[in-house]
Amino acid sequence: MSSVTVRVPAKVNVQLSVGPLREDGYHDLVNVFHAVSIFDEVVAKEAESITVTVNGRWSDQVPLDDDNLAIRAARALAKHAGRSYGADLIIQKAIPVAGGMAGGSADAAGALVACNELWGLGLPFEDLMEIAGDLGSDVPFSLLGGTAVGTGRGEQLSELPTGGTFHWVFALADGGLSTAKVYAECDRQREVSGARVPWPELNAPLIEALGTGDAYALGAHLSNDLQAAALALRPELATTLDSGRQHGALGAIVSGSGPTCAFLAIDATHARDLADSLTATGAATTTVAAHGPVTGATLL
């Protein structure tokens with residue numbers, strides 16, 4: 001096999017509860033992931049060494065060296081297999097870069113699946129999940145897809161039943177936000193407030209809403225402990241969120257560490273109308289309507 005193509009989805013966090021800062025610099029999380037129909041494609045072709053090429057809207061923002069998570073994923077897979085392999089990775093970007101939608105993690109997951117197939121390793125899904133967990137907190141979910149709760153750093157996953165399809169609109173912001181800087185701002189705000197940071201817990205009404213497919217209930221229970229920090233770093237996002245609510249969004253939230261804003265719609269028609277309203281009023285320059293849940297990294 002000389003070429004393999006894998007499709008990988010973006011994610012939105014419908015609950016992101018952040019616990020106290022740990023001694024290792026991480027936080028314990030309760031992180032409810034939901035995979036949505038915005039996809040990157042990762043093509044792996046036979047090559048002498050591991051390289052990456054990126055195409056698409058945000059290609060100029062993606063590193064092509066050892067900082068690229070897809071390259072690191074391919075190298076980690078080769079190391080796990082105990083052999084030296086090569087692959088030319090070609091990434092077609094549609095997921096925003098540094099947008100809070102796990103675009104880099106999705107590409108890493110795509111590289112794991114593509115190279116496992118290209119190199120004929122035949123490693124089971126469990127092995128790929130283990131490698132993914134070492135690469136980053138969001139990479140395992142990009143492999144899994146669907147809807148799942150992540151604990152620990154977010155990499156310990158349990159699948160959640162979802163009783164239907166949810167429809168979303170994403171307002172894509174110009175420029176990204178550093179996840180590390182958003183977490184640092186969250187810690188700073190908490191230190192200034194002096195309030196005790198509670199241990200993160202799963203939101204039972206939100207889980208019930210997912211299970212029953214109740215978009216109205218889900219919209220009422222969307223939550224993100226990083227949102228205040230993201231808004232402090234990018235205050236203009238508050239206007240975008242308010243505009244979405246004014247135009248009938250069932251819920252409005254910063255996706256992960258931002259700056260992408262996510263809006264839950266009633267159905268596909270409402271999502272299209274909401275997307276049009278956000279751009280027509282200038283609240284967002286670019287919007288994408290999508291649905292979820294969708295499957296994780298998938299061979300095409």
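The exercises below work through parts of a predicted model.

**Exercise 1. The four-stranded sheet**

Task: Find the order of the strands in the open sheet of four strands, and state which strands stand at the edges.

Solution:
- Step 1. The sheet is open and has the order E9-E10-E7-E11, with antiparallel pairing.
- Step 2. E9 and strand E11 (286-292) each have a single partner strand, so one side of each is left without a neighbour in the sheet. These two strands are therefore the edges.
- Step 3. On average, neighbouring strands are turned by 25° against each other, direction ignored.
- Step 4. Take the pair E9 and E10, which is antiparallel and runs over four bridges. Within E10, Phe 263 is the bridge partner of Ala 252.
- Step 5. Two helices are placed against these strands. H9 packs on the sheet and touches E7, E9 and E10, its direction making about 5° with that of E10. H10 lies across E7, E10 and E11, and runs at about 15° to E7.

**Exercise 2. The two sides of helix H9**

Task: Determine which residues of H9 are buried and how they are arranged around the helix axis.

Solution:
- Step 1. List the buried residues of H9: Leu 237, Thr 240, Leu 241, Ser 243 and Gly 244.
- Step 2. Look down the axis. The buried residues fall within an arc of 160°, so they line one face of the helix.
- Step 3. Turn to the face that points away from the buried side. Thr 239 and Gln 246 are the exposed residues there.
- Step 4. Identify what the buried residues pack against: strand E7 (166-172), helix H8 (227-233), strand E9 (251-254), strand E10 (261-265) and helix H10 (268-280).
- Step 5. Check one residue. Ser 243 belongs to helix H9, residues 237-246. Its relative accessibility is 7%, and because buried means under 20%, Ser 243 counts as buried. Apart from neighbours within four places in sequence, its contacts are Leu 278, Thr 281 and Ala 283.
- Step 6. Go just past the end of H9, where Gly 248 has a positive phi of about 95°.

**Exercise 3. The surroundings of Val 8**

Task: Decide whether Val 8 is buried or exposed, and list what it touches.

Solution:
- Step 1. Locate Val 8 in strand E1, residues 3-21.
- Step 2. Its relative accessibility is 0%, so Val 8 counts as buried.
- Step 3. Leave out residues up to four places away in sequence. Val 8 then touches Ile 38, Phe 39, Asp 40, Val 42, Ile 95, Ala 106, Asp 107, Ala 109, Gly 110 and Ala 297.
- Step 4. Compare sequence with space. Val 8 and Thr 298 are 290 residues apart in sequence, yet 6.5 Å apart in space, C-alpha to C-alpha.

**Exercise 4. The nonpolar cores**

Task: Name the residues that touch the most other members of the largest nonpolar core, and the helix that gives the most to this core.

Solution:
- Step 1. The core has 67 residues, and those touching the most other members are Val 14, Leu 89, Trp 119, Leu 143, Trp 168, Phe 170 and Leu 218.
- Step 2. Helix H2 (residues 103-118) gives the most, with nine residues.
- Step 3. Follow Leu 218. Not counting residues up to four places away in sequence, Leu 218 touches Val 14, Phe 166, Trp 168, Leu 206, Ala 209, Leu 210 and Leu 264.
- Step 4. Note the second, separate core of 26 residues, which includes Leu 16, Val 18, Ala 249 and Phe 263.

Definitions and conventions: Residues are numbered from 1 along each chain as its sequence is written. This is a predicted model: local features need pLDDT of at least 70, side-chain atom pairs count only at pLDDT 80 or more; totals for chains, interfaces and linings use all residues. Side-chain values use heavy atoms; hydrogens and water are left out. A nonpolar core is a set of buried Ala, Val, Leu, Ile, Met, Phe, Trp, Tyr and Cys residues joined through side-chain atoms within 4.5 Å. Buried means under 20% relative accessible area, exposed over 50%, partly exposed in between (1.4 Å probe, protein chains only). Contact means heavy atoms within 4.5 Å. The arc is that of the directions from the helix axis to the C-beta atoms. Two strands pair if DSSP finds at least two bridges between them. Axes are lines fitted to C-alpha atoms, for helices over the stretch in contact, and angles run from 0 to 180 degrees between N-to-C directions.
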